[in-house]
Amino acid sequence: EEALAELDRMVGQDPNNALIRSQRGFLRREQGDLTGGLDDFNAALTSASLTQEQRQNIEAAITEAKAG
């Protein structure tokens, strides 16, 4: 809960930061919030600042989350 609250605060300050959004997406997914995780992953993917490896990791996380 503390980590999620910190990431929520960071997203509030910098909502377009792909790394923060993806980190929150992974945490949300781990905590069972698949919808929130997918929202963060999709927001992160809109960033041009991601490396190819980061993009692939997020895309794999989306696939895993959708598979359940």
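The face of helix α4 turned away from its buried side carries the exposed residues Q52, E53, T63 and A67. Here exposed means over 50% relative accessible area, buried under 20%, and partly exposed in between, computed with a 1.4 Å probe on protein chains only. Helices are DSSP runs of H or I with at least four residues, numbered from the N terminus. All of this comes from a predicted model, in which local features need pLDDT of at least 70 and side-chain atom pairs count only at pLDDT 80 or more, while totals for chains, interfaces and linings use all residues. Residues are numbered from 1 along each chain as its sequence is written, and side-chain values use heavy atoms, with hydrogens and water left out.

Now turn α4 over. Its buried residues are R55, I58, A61, I62 and A65. Seen down the helix axis, they fall within an arc of 125° (taken from the directions from the axis to the C-beta atoms), so they line one face of α4. The general rule helps here: an α-helix has 3.6 residues a turn, so residues three or four places apart point the same way. The buried residues of α4 pack against α2 and α3. Just past the helix comes G68, with a positive phi near 85°.

What does this buried face join? The largest nonpolar core has ten residues: A18, L38, F41, A44, L45, L50, I58, A61, I62 and A65. At least two of them come from α3, and at least two from α4. A nonpolar core is a set of buried Ala, Val, Leu, Ile, Met, Phe, Trp, Tyr and Cys residues joined through side-chain atoms within 4.5 Å. A second, separate core of five residues includes L4, V11, I20 and L27.

Let us move on to α2, residues 18-30. At 1.5 Å a residue, its 13 residues should span 18 Å, and the end C-alpha atoms are indeed 18 Å apart; the expected span is 1.5 Å times one less than the number of residues. At its N-terminal end, N17 acts as a cap, with a side-chain oxygen 3.0 Å from the backbone nitrogen of L19. The buried residues of α2 pack against α1 (2-13), α3 (34-45) and α4 (52-67).

One residue of α2 deserves a closer look: R28. With 18% relative accessibility, R28 counts as buried. Its side chain reaches the backbone oxygen of G36 at 2.9 Å. Apart from neighbours within four places in sequence, R28 is in contact (heavy atoms within 4.5 Å) with L4, D33, G36, G37 and D40.

Methods: A polar contact is a pair of N or O atoms within 3.5 Å; within protein, one must be able to donate a hydrogen and the other to accept it, and residues adjacent in sequence count only if both atoms are side-chain atoms.
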